[in-house]
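Reader: I would like a close look at a single part of this structure, followed outwards into its surroundings. Please keep the account careful and connected.

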Amino acid sequence: MAVDLSFYKSFMAEEIRDEGRDEGRTEGIAQGILLFLAQAGVDVSDEARERITTCGDLDTLNRWLLRAPTARSVEDVFAEE
């Protein structure tokens, strides 16, 4: 008996995989931002933590990630937003 694996090669399956990859990237970058801030001793409010962890825009997260290592406050990360 042959198993139909055509779904795994379909456009829909690829789209689902891409969404999962993007979600994984955003989660990883958000964790990186929080780690940089923790290492620097920057206090991160619950509101700021949620803003970082729920952001789904890779460009925004990458901007924040670049700012995080030199930030003295969470506001430094969000500057110009």
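Author: Thr-26 has a relative accessible area of 10%, and because the cut-off for a buried residue is under 20%, Thr-26 counts as buried. The model in which this is seen is a predicted one. Thr-26 belongs to helix H1, and once its neighbours within four places in sequence are left aside, the residues in contact with Thr-26 are Cys-55, Gly-56, Leu-58 and Leu-61. One of these, Leu-58, stands at the start of helix H3, which runs over 58–67.

From this position the view can be widened to the nonpolar interior. The largest nonpolar core has 17 residues, and those with the most contacts inside it are Ile-33, Leu-37, Ile-52 and Trp-64. Helix H1 (11–39), helix H2 (46–54), helix H3 (58–67) and helix H4 (74–78) each contribute at least two residues to this core, and the greatest contribution, 5 residues, is that of H1, the helix in which Thr-26 is also found. In soluble globular proteins, nonpolar side chains tend to be buried together.

Trp-64, named above among the core residues with the most contacts, also takes part in the 1 aromatic pair that a search of the whole structure finds. Its partner is Phe-78: the ring centres lie 4.8 Å apart and the planes meet at 70°, and because planes over 60 degrees apart count as edge-to-face, the pair is assigned to that class. Since Trp-64 lies in helix H3 and Phe-78 in helix H4, the pair ties together parts that are 14 residues apart in sequence. Both partners count as buried, Trp-64 with a relative accessibility of 2% and Phe-78 with one of 12%. Phe-78 has a further neighbour in Arg-51, which lies over the face of the Phe-78 ring at 3.9 Å from the ring centre.

These local details belong to a protein with 4 helices and 0 strands, whose pattern along the sequence is α-α-α-α. Of the 81 residues, 27% are buried, Thr-26 being one of those that count as such. Among the contacts with a separation of 6 or more, 52% join residues that are 24 or more positions apart. As for the outer surface, the protein exposes about 6100 Å², and carbon and sulfur atoms supply 52% of that area.

Methods
Residues are numbered from 1 along each chain as its sequence is written. This is a predicted model: local features need pLDDT of at least 70, side-chain atom pairs count only at pLDDT 80 or more; totals for chains, interfaces and linings use all residues. Side-chain values use heavy atoms; hydrogens and water are left out. A nonpolar core is a set of buried Ala, Val, Leu, Ile, Met, Phe, Trp, Tyr and Cys residues joined through side-chain atoms within 4.5 Å. Buried means under 20% relative accessible area, exposed over 50%, partly exposed in between (1.4 Å probe, protein chains only). Contact means heavy atoms within 4.5 Å. Accessible areas come from the Shrake-Rupley method with a 1.4 Å probe; for residues, only the protein chains shown count as cover. Rings of Phe, Tyr and Trp (its six-membered ring) pair if their centres lie within 6.5 Å; planes under 30 degrees apart count as stacked, over 60 as edge-to-face and the rest as tilted. A charge sits over a ring if NZ of Lys or CZ of Arg is within 6 Å of the ring centre and within 35 degrees of the ring normal.
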